[in-house]
Amino acid sequence: MEISRAHLQAAATAVHDDTSATLRNGCDAAGCASLCRRIDARLDAETEAVRGDGVAIACVAGCAYCCHQRVGVLPHEAIALLEHLRTGCSPSDAAAIEARIRANAGAIDAMTVAEHRAANLPCAFLVGERCSAYEVRPSVCASFHSLRKDRCRHAFENPHDAGTPSNSRPVALALTAFADAMIEATEAGLAAAGVARAKGELHQRLRDLLDERGAGVTVSVEPKGAGVTV
């Protein structure tokens, strides 16, 4: 399957413009969550279109090998996850997820990036082998896919081989190109809005945001370079 250049350009332009317009004058947590839902919906729709064209994507609900990887989040994505924790979870579930966030962040603090990649640390939002924040998951998660579950299992069982040919996974090149374009468009939209594009590790960034919120800080995206402001 091939994706037309016109389709790719139109989708990338829409994501860029949506991101820029949403964040240009500041965006609260609910707005960040809404933006993530819209971007994820585009990625999900493209995945289903590729499936409809006969590409045998192996990803199914309950397969969570990829939920043990190091994930970098953009400023609005971290805030969207925090908003989901506040409004989309029961108090008991939110408390359990927050505890896992803090535990994971503390463990990651003591690791190098390479050690973290090899640790198979489960995402704090993984509940019963499913993502409990699926609708606002980071775009890198929404864009991840594989054509062979056995390759994902092999990579999970042999984490120290990360980045080597033995841990490679087959992908649909057209879908990967689309996802890459959406992520690049999102980052360009952040830049156009004057928001920092630097990614932070998911658990560490959320731990910091939880601490800020606990200290009475209003968590939002603002066009002042830092990405998060008081």
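**Salt bridges in the predicted model**

R51 and E48 both belong to helix α2, where three residues, or about one turn of the helix, separate them. The structure is a predicted model. In it, R51 and E48 form a salt bridge, with 3.2 Å between the closest N and O atoms. R51 is partly exposed, at a relative accessible area of 29%, and E48 is partly exposed as well, at 48%.

Side chains of opposite charge can pair when their charged atoms come close. In this model the count of salt bridges is 12.

Helix α2, which spans residues 29-52, also contributes D44 to a salt bridge with R137. The N to O distance between these two side chains is 2.5 Å. This pair connects distant parts of the chain, as R137 lies in the loop between β3 (130-131) and α6 (139-143) and is 93 residues from D44. R137 has a relative accessible area of 6%; because this value is under 20%, R137 is classed as buried. D44 is partly exposed, with a relative accessible area of 23%.

A further salt bridge joins the side chains of D208 and R205, at an N to O distance of 4.0 Å. Both residues are in helix α9 (residues 202-214); because they are three residues apart, about one helical turn separates D208 from R205. Through salt bridges with shared partners, D109, R205, R207 and D208 are joined into one network. Within this network, D208 is partly exposed, with a relative accessible area of 32%.

How values were computed: Residues are numbered from 1 along each chain as its sequence is written. This is a predicted model: local features need pLDDT of at least 70, side-chain atom pairs count only at pLDDT 80 or more; totals for chains, interfaces and linings use all residues. Side-chain values use heavy atoms; hydrogens and water are left out. Helices (H or I, at least four residues) and strands (E, at least two) are DSSP runs, numbered from the N terminus. Buried means under 20% relative accessible area, exposed over 50%, partly exposed in between (1.4 Å probe, protein chains only).
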